[in-house]
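Colleague: I am new to this structure and should be grateful for a close look at a single part of it. Please choose one element, describe it with care, and then show what surrounds it.

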Amino acid sequence: SSPRRDFFADKFVSSGGKIPLGLKTKGRRIVVTGGAGFVGSHLVDRLMARGDSVIVVDNFFTGRKENVMHHFGNPRFEMIRHDVVEPLLLEVDQIYHLACPASPVHYKFNPVKTIISFFYLTSTNVVGTLNMLGLAKRIGARFLLTSTSEVYGDPLQHPQVETYWGNVNPIGVRSCYDEGKRTAETLTMDYHRGAEVEVRIARIFNTYGPRMCIDDGRVVSNFVAQALRKEPLTVYGDGKQTRSFQYVSDLVEGLMRLMEGEHVGPFNLGNPGEFTMLELAQVVQETIDPNAKIEFKPNTEDDPHKRKPDITKAKDLLGWEPKVALRKGLPLMVSDFRQRIFGDQKEDGA
Ligand code: NAD
Ligand code: UDP
Ligand code: UDP
């Protein structure tokens with residue numbers, strides 16, 4: 001027999017006859033919470049293409065059925081309208097836990113629902129993550145948390161390495177998100193250490209691409225929609241604050257490598273290409289409309305001054321690095337936004 005088959009046979013015996021998760025490459029059953037959202041729907045596309053059975057769990061708070069509608073009718077695809085704050089009973093091999101309203105407008109609009117209240121314990125990040133960890137524990141599934149670069153707060157270290165503990169204002173306007181994700185990371189590690197749940201943690205940096213919410217208030221979606229609508233691009237503050245923008249397909253590749261790999265993390269998943277908001281506005285002008293105007297607006301409270309991932313760890317241990325530069329990725333998002341805003345081309349979304 002081939003060396004490859006012997007390798008699998010050895011693994012099979014050494015695992016006591018249980019097929020090790022990483023080796024079971026076909027027909028996995030996978031839950032994606034938040035799978036009708038921006039990142040989740042792209043992840044679902046990749047998992048479906050790979051031949052997995054996928055269950056999307058989403059309450060449509062910020063997600064849309066349209067993002068996954070092209071899988072309706074496929075027997076390997078299921079969609080459940082469910083709030084992860086409520087317990088959930090399923091049998092699967094892997095849980096990608098993305099459910100969380102990710103955009104600033106939504107979390108400022110409804111901070112209690114978005115996150116933390118130790119007393120009411122009703123938030124998505126805390127109770128939702130706890131429920132999904134409880135589910136993972138009961139069924140022996142591997143659990144992946146999509147955390148965020150926001151756990152670094154307004155970082156005093158640049159670029160940010162995973163070992164940095166962050167600089168977060170616990171009582172600020174953004175803290176419902178930052179602290180919620182920090183608690184979700186804590187719960188994830190507690191279930192790992194205390195209940196031997198197999199976990200993975202990704203810290204995602206600003207990501208953009210097709211299917212982003214058009215009016216969610218994030219900078220890339222704002223600028224692109226504004227330029228297309230011939231409105232001025234709203235730069236907050238002096239526009240010298242920086243972010244590093246990652247195209248969604250790079251992120252999805254990183255999430256899948258993390259889930260399949262042997263390392264818990266946390267791993268930074270982001271594109272180290274760093275831009276000021278004024279530079280971003282310039283790229284949007286070049287891509288959409290060189291005559292687009294810029295309008296300065298007061299900045300929001302506690303806005304991080306700079307953010308850029310150190311991705312050495314993901315490069316070394318996951319063999320991952322982003323491939324799509326901002327100037328390559330932005331046009332792909334623009335054509336999706338153009339279709340959705342003007343409806344002048346055929347609906348596709350991908
Ligand atoms: P999104 O808002 O498009 O997707 C989140 C999905 O979760 C939506 O479909 C929403 O309806 C669903 N959801 C929210 N609360 C829920 C609940 N209680 N029960 C069930 N479903 C619920 O956001 P996204 O950009 O796709 O983000 C996905 C994940 O990645 C989030 O956890 C987010 O915190 C994380 N993340 C994203 C970015 C980014 O730049 N996009 C950056 C850092 C972290
Ligand atoms: N949980 C769930 N699905 C399951 C198992 C658990 O939603 O299949 C929820 C459960 O309702 C609980 C949480 O996950 O609120 C944590 O479960 P765990 O068993 O760890 O804690 P316990 O129920 O013992 O407090
Ligand atoms: N921002 C901006 N104009 C906008 C929206 C946001 O200049 O229309 C700025 C915002 O102040 C912040 C940066 O862009 O400095 C990134 O904001 P976003 O909400 O997209 O991401 P996050 O702050 O969560 O990294």
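Modeller: The following account takes up helix 5 and then turns to its surroundings.

The model is predicted, so to speak of a local feature requires a pLDDT of at least 70 and side-chain atom pairs count only at pLDDT 80 or more, while totals for chains, interfaces and linings use all residues. Residues are numbered from 1 along each chain as its sequence is written, and chains are lettered from A and ligands numbered from 1 in the order in which they are written.

The chain contains eleven helices and 13 strands; these are DSSP runs numbered from the N terminus, helices being H or I with at least four residues and strands E with at least two. Of the 350 residues in the chain, 43% are buried. Here a residue is buried if 20 or more other C-beta atoms lie within 10 Å of its own, exposed if 12 or fewer, and partly exposed in between, with C-beta atoms placed from the backbone. Of the contacts in the chain with a separation of 6 or more, 78% are between residues 24 or more positions apart; a contact requires C-beta atoms, placed from the backbone, to lie within 7 Å.

Helix 5 runs over residues 124–139 and has 16 residues. From its first C-alpha to its last it reaches 21 Å, close to the 22 Å expected at 1.5 Å a residue, the expected span being 1.5 Å times one less than the number of residues. This helix is mostly covered, since twelve of its 16 residues are buried. Among them are Thr124, Asn125, Leu130, Met132, Leu135 and Ala136. After helix 5 comes glycine 140, with a positive phi near 70°.

Helix 5 also contributes to the largest nonpolar core. That core has 75 residues, of which Ile95, Tyr96, Phe143 and Leu255 touch the most other members. The largest share of this core, seven residues, comes from helix 5. A nonpolar core is a set of buried Ala, Val, Leu, Ile, Met, Phe, Trp, Tyr and Cys residues joined through C-beta atoms within 7 Å.

Isoleucine 95 connects this picture to the strands. Leaving aside its neighbours within four places in sequence, isoleucine 95 is in contact with Val31, Met132, Leu135, Ala136, Ala141, Phe143 and Leu144. In strand 4, Ile95 and His97 point one way and Gln94 and Tyr96 the other, and all are buried. Strand 4 runs parallel to strand 1, with four bridges between them, and valine 31 stands opposite isoleucine 95. Strand 4 also runs parallel to strand 5 (residues 142–148), again joined by four bridges. In that pair, glutamine 94 stands opposite arginine 142 of strand 5. Strands are taken to pair if DSSP finds at least two bridges between them.

Helix 2 (residues 38–50) makes a second point of reference. Its 13 residues should span 18 Å at 1.5 Å a residue, and its end C-alpha atoms are 19 Å apart, which agrees. Its buried residues include Phe38, Val39, Leu43 and Leu47. Those buried residues pack against strand 1 (29–33), strand 2 (53–58), strand 4 (94–97), strand 7 (207–208) and helix 8 (248–260). Just after helix 2, glycine 51 has a positive phi of about 100°.

Helix 5 residues also appear beside a ligand. Around ligand 2 are Pro87, Leu88, Leu89, Leu130, Asn131, Gly134, Leu135, Lys137 and Arg138, a residue being near a molecule if its C-beta atom, placed from the backbone, lies within 6 Å of it. This shell divides into five nonpolar, two polar and two charged residues. Ala, Val, Leu, Ile, Met, Phe, Trp, Tyr, Cys and Pro count as nonpolar, Asp, Glu, Lys and Arg as charged, and the others, Gly among them, as polar.

Some backbone features deserve a closing remark. Most residues other than glycine have a negative phi, and most peptide bonds are trans. Glutamate 196, however, has a positive phi near 55°, and arginine 211 has one near 80°. Glutamate 196 is exposed, with 10 other C-beta atoms within 10 Å, whereas arginine 211 is buried, with 24. The peptide bond from histidine 158 to proline 159 is cis, with omega near -10°, and proline 159 lies in the loop between strand 5 and helix 6 (175–195). Another cis peptide bond joins glycine 265 and proline 266, with omega about 5°.

Terms used: Contact = placed C-beta atoms within 7 Å.
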